[in-house]
Amino acid sequence: MNSQNIVLSEDEQIELSRRIKSAAISQCDGLRAQLILLADQGCSRNEIARLTGLCVASVTRWCKRFSIVTLARPGGTARTSLRAEALTRTLEQVTQPRIG
């Protein structure tokens with residue numbers, strides 16, 4: 001897994017930048033957002049580790065996690081379709097009458 005494989009849409013870049021600046025999210029979430037933005041900019045895992053203070057293994061892990069969620073998407077559709085599918089399943093389950 002190479003961190004340069006991460007390519008963000010404009011909306012993703014805006015959202016991750018917002019998260020970095022937000023006081024309402026945890027420091028860890030802000031650091032992960034920064035890590036993904038640096039990967040999108042073409043930084044290597046070693047460079048990202050040095051800039052963020054994380055170890056290379058953590059950088060690799062978070063890049064992989066981000067890529068898995070967005071792997072099948074052209075322009076971000078996989079992430080949103082996953083949410084839509086989960087929402088649909090949840091709504092179906094909670095609106096079914098209970099048996100028994």
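1. A residue counts as exposed when its relative accessible area is over 50%, as buried when that area is under 20%, and as partly exposed in between. By that cut-off Val7, at 58% relative accessibility, is exposed; Val7 lies in the segment before helix H1, which spans residues 10-21. Although Val7 and Gly42 are separated by 35 residues in sequence, their C-alpha atoms are placed 9.0 Å apart in space. The model under discussion is a predicted one, and the points that follow should be read with that in mind.

2. As to the overall architecture, the chain contains 5 helices and 0 strands, and its elements, taken from the N terminus on, follow the order α-α-α-α-α. Of the 100 residues in the chain, 28% are buried, while the chain exposes about 7,000 Å², of which carbon and sulfur atoms supply 55%. Among the contacts in the chain with a separation of 6 or more, 55% are accounted for by residues that stand 24 or more positions apart.

3. The packing of helix H2 (residues 27-40) against helix H3 (residues 45-52) deserves a closer description. The two axes come within 10 Å of each other and cross at roughly 145°, and the crossing is right-handed. On the H2 side the contact is formed by Leu31, Gln34, Leu35, Leu38 and Ala39, and on the H3 side by Ile48, Leu51 and Thr52. Sorted by character, the residues of this contact comprise 6 nonpolar and 2 polar ones, with no charged residue among them.

4. Which residues of H3 are buried? They are Ile48, Ala49 and Thr52, and, viewed down the axis of H3, these buried residues fall within an arc of 100°, so that they line one face of the helix. The general background is that an α-helix has 3.6 residues a turn, so residues three or four places apart point the same way. On the other side of H3, Asn46 and Arg50 are exposed. After H3 comes Gly53, whose phi is positive, with a value near 85°.

5. Thr52 may be taken as a single example from this region, since its relative accessible area of 13% makes it buried, and its place is in helix H3. Once the neighbours within four places in sequence are left aside, Thr52 is in contact with Leu31, Gln34 and Leu38, and these three residues are also listed on the H2 side of the helix contact. For Gln34 in particular, the separation from Thr52 is 18 residues in sequence and 7.9 Å in space, C-alpha to C-alpha.

6. Is Arg32, which is found in helix H2, buried, partly exposed or exposed? With a relative accessible area of 27%, Arg32 is partly exposed, because that value falls between the cut-offs of 20% and 50%. Arg32 and Ser58 lie 26 residues apart in sequence, and the distance between their C-alpha atoms is 9.8 Å.

Conventions: Residues numbered from 1 in each chain as written. Predicted model: local features only at pLDDT ≥ 70, side-chain atom pairs only at ≥ 80, totals over all residues. Heavy atoms only, no water. Axes fitted to C-alpha atoms, helices over the stretch in contact; angles between N-to-C directions. Helix = DSSP H or I, 4+ residues; strand = E, 2+ residues; numbered from the N terminus. Left-handed = near helix turned anticlockwise from the far one by under 90°. Contact = heavy atoms within 4.5 Å. Nonpolar A, V, L, I, M, F, W, Y, C, P; charged D, E, K, R; others polar. Buried < 20%, exposed > 50% of the residue type's maximum accessible area, 1.4 Å probe, protein only. Arc of directions from axis to C-beta. Areas by Shrake-Rupley, 256 points an atom, 1.4 Å probe, with all protein chains shown as cover.
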